[in-house]
Amino acid sequence: MHTDLFTTRRHVRSGQSRPQDILEQARLVAQSARCEHVFLETLFDEARAVAATPGIQAMPLAGFPVSIKDLFDVAGQVTRAGSIALNGAPPATRDSVAVARLKRAGAALIGRTNMVEFAFSGVGINPHFGTPSNACSTNLALIPGGSSSGAAVSVATGAAFVGLGSDTGGSIRIPAALNGIVGFKNTARLVPTEGALPLSSTLDTVCALTRSVPDAMLAHEILAQRQVTRSTAPLRAYRLGVPTALMLDELDPTVSRAWQRTLSALRREGAQLEEIALPELHELQPMQAHGSFSAAESYAWHHALITSQADRYDPRVASRIERGAQMTARDYLELHRARQNWIHRMEVAARGFDAFLSPTVPVVASPIAQVAPGAEQDAAFFRLNALLLRNTSVVNMLDGCAVSIPCHAPDELPVGLMVWAGALRDDSVLNIARQIELLLYK
């Protein structure tokens with residue numbers, strides 16, 4: 001993994017390097033073959049001006065490169081959300097709340113990153129602008145994960161220190177896991193979604209991808225405008241649950257090895273690991289038998305646009321949005337009621353645990369060619385999409401928080417470990433993740 005923001009900022013403040021030099025290195029990466037299809041628009045001239053601002057090194061983001069998912073408004077730019085259906089939309093008149101907060105913290109915005117059209121998939125495919133290759137790709141192009149595909153690759157390749165993104169069912173954590181970086185999904189209510197194109201008003205979360213947990217803490221503090229309470233309590237001070245229902249099904253061999261190896265390392269460190277069945281997890285699929293929040297709420301937003309421009313949508317995205325048309329008002333309200341009841345029962349089951357541990361996703365990145373656009377590959381695409389979203393979406397339905405950190409060996413494809421808990425347990429989840437990170441990479 002590339003040097004993180006905290007370490008680089010120390011180098012700048014000690015005079016070992018300058019923000020302008022850091023930005024130039026990032027530009028070279030962003031314009032290299034490794035970042036093909038990553039950026040839909042670049043802003044290097046504006047970023048240079050920020051990096052050259054007197055005193056910028058004293059600011060939290062120190063004039064360092066930050067990428068912005070094409071879901072967020074930036075004044076003067078068109079927010080297309082990875083779609084050609086919005087090519088004719090007017091430019092934004094103001095920055096989204098998240099972008100404005102990053103700018104005030106000294107971010108040098110280097111560009112808008114590619115994404116799954118309208119953020120509606122965990123695989124990372126975009127038929128309009130091309131699909132970014134996973135940062136660990138060599139001779140074979142692998143999926144980046146989505147929907148924050150370009151954001152993740154920008155961070156994992158070294159083009160950006162922070163990738164602003166969103167997480168409705170796993171769109172930060174899935175690409176973090178597949179690219180071997182850190183993705184933190186905070187409790188949704190902590191960061192305003194104003195100025196971000198919606199997928200699900202119930203589940204959408206504004207958050208970021210970073211290179212380390214300390215960087216994730218800093219990014220969250222900027223986006224949420226709140227201080228993370230840091231703790232140096234050792235791992236043995238925490239009671240950690242390991243759910244056995246659903247989350248461990250269909251693990252591929254690489255994920256299984258990394259998972260077992262990580263649990264063994266935690267046990268040697270004295271962590272209190274306790275298996276818990278959590279059968280409530282099996283209720284989520286039948287709960288959404290008549291449709292999901294994302295389908296209903298995205299259809300409400302897209303109705304007029306998709307009616308007039310259906311041929312400009314990714315067919316896979318369009319089909320998921322159009323499922324929302326089949327939901328009745330009763331179905332939608334019942335889903336809200338069932339979710340609140342489920343959250344309450346999950347909170348009861350979680351009492352006494354500081355957090356839960358699970359594989360972020362059950363598989364490693366697969367070749368893009370296996371799920372590239374085309375009706376003949378739709379079955380493989382939708383099966384993979386469901387697998388990638390399975391574990392992460394639990395946390396969104398819980399209205400919880402989670403962080404994915406790398407737990408693979410150097411000779412393995414990236415694997416993510418997810419530390420998760422219910423609403424407003426953000427600081428605890430981050431502190432636990434930091435202690436695990438220190439253990440795995442000491």
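How much space lies in the largest cavity? In this predicted model, the largest cavity holds about 50 Å³ of space. The report that follows treats the enclosed and open spaces of the structure, then its nonpolar cores, its cysteines and several details of the backbone.

## Cavities and the largest pocket

The structure contains 2 cavities of 30 Å³ or more. The lining of the largest cavity is made up of F184, N186, C207, A208, T210, A216, A219, H220 and L223. Two elements, β6 and α7, each contribute at least two residues to this lining, and the largest share, 4 residues, is that of α7. Sorted by class, the lining of the largest cavity comprises 6 nonpolar and 3 polar residues, with no charged residues.

The second largest cavity has a volume of about 40 Å³. Its lining consists of K185, A188, T202, L203, T205, R339, N396 and D399. Charged residues do occur in the lining of the second largest cavity: there are 3 of them, beside 2 nonpolar and 3 polar residues.

The structure also has open space. The largest pocket encloses about 1,100 Å³ and is lined by 38 residues. Those that lie nearest the centre of the largest pocket are Q288, R320, A386, L389 and S393. At least two lining residues come from each of α9 (284-287), α10 and α13 (378-397). Of the elements that line this pocket, α13 gives the most, with 11 residues.

The volumes and the classes of lining residues are set out below.

| Space | Volume | Lining by class |
|---|---|---|
| Largest cavity | about 50 Å³ | 6 nonpolar, 3 polar, no charged residues |
| Second largest cavity | about 40 Å³ | 2 nonpolar, 3 polar, 3 charged residues |
| Largest pocket | about 1,100 Å³ | 17 nonpolar, 16 polar, 5 charged residues |

## Nonpolar cores

The largest nonpolar core has 47 residues, and the members that touch the most others are L61, I68, F72, L102 and L164. Elements from many parts of the sequence each supply at least two residues of this core, among them α1 (5-13), β2 (65-69), α4 (97-104), β4 (162-166), β6 (206-210), α7 (213-224), α10 (293-309) and α11 (315-322). The largest share of the core, 5 residues, comes from α7. The helix α7 also provides the largest share of the lining of the largest cavity.

The surroundings of I68 illustrate how this core is put together. Apart from neighbours within four places in sequence, I68 is in contact with V74, V99, L102, L109, G111, R112, T113 and L164. A second, separate core is formed by 35 residues, including V228, L273, V415 and A421.

## Cysteines

How many disulfides does the structure have? The count is 0. For C136, the nearest cysteine sulfur is that of C35, 14 Å away. C136 is partly exposed, with a relative accessible area of 25%. C407, by contrast, is buried, at 7% relative accessible area. Why is C407 in no bond with C136? The sulfur of C136 is the closest cysteine sulfur to that of C407, yet the two are 14 Å apart, and therefore too far for a bond.

## Backbone details

Most residues other than glycine have a negative phi, and most peptide bonds are trans. Several places in this model depart from that pattern. The peptide bond from G146 to S147 is cis, with omega near 10 degrees. S147 belongs to the loop between β3 (108-113) and α5 (149-157).

H37, which is not a glycine, has a positive phi of about 70 degrees. H37 is located in the loop between α2 (19-30) and β1 (39-42), and is partly exposed, with a relative accessible area of 33%. A positive phi, near 65 degrees, is likewise found at L424, in the loop between β11 (416-421) and α14 (426-440).

## The loop at M327

Is M327 buried or exposed? M327 sits in the loop between α11 and α12 (329-349), and counts as buried at 12% relative accessibility. Leaving aside neighbours within four places in sequence, M327 is in contact with H290, G291, S292, A296, Y332 and L335. M327 and R337, 10 residues apart in sequence, are separated by 15 Å in space, C-alpha to C-alpha.

Terms used. Residues are numbered from 1 along each chain as its sequence is written. This is a predicted model: local features need pLDDT of at least 70, side-chain atom pairs count only at pLDDT 80 or more; totals for chains, interfaces and linings use all residues. Side-chain values use heavy atoms; hydrogens and water are left out. A nonpolar core is a set of buried Ala, Val, Leu, Ile, Met, Phe, Trp, Tyr and Cys residues joined through side-chain atoms within 4.5 Å. Buried means under 20% relative accessible area, exposed over 50%, partly exposed in between (1.4 Å probe, protein chains only). Contact means heavy atoms within 4.5 Å. On a 1 Å grid over the protein atoms alone, a cavity is a set of points where a 1.4 Å probe fits but cannot get out, and a pocket is an open set with protein on both sides within 12 Å along at least five of seven lines; lining residues have an atom within 4 Å of a point. Grid points are joined across faces, edges and corners, and a volume is the space filled by probe spheres set on the points. Ala, Val, Leu, Ile, Met, Phe, Trp, Tyr, Cys and Pro count as nonpolar, Asp, Glu, Lys and Arg as charged, and the others, Gly among them, as polar. A disulfide is a pair of cysteine sulfur atoms within 2.5 Å.
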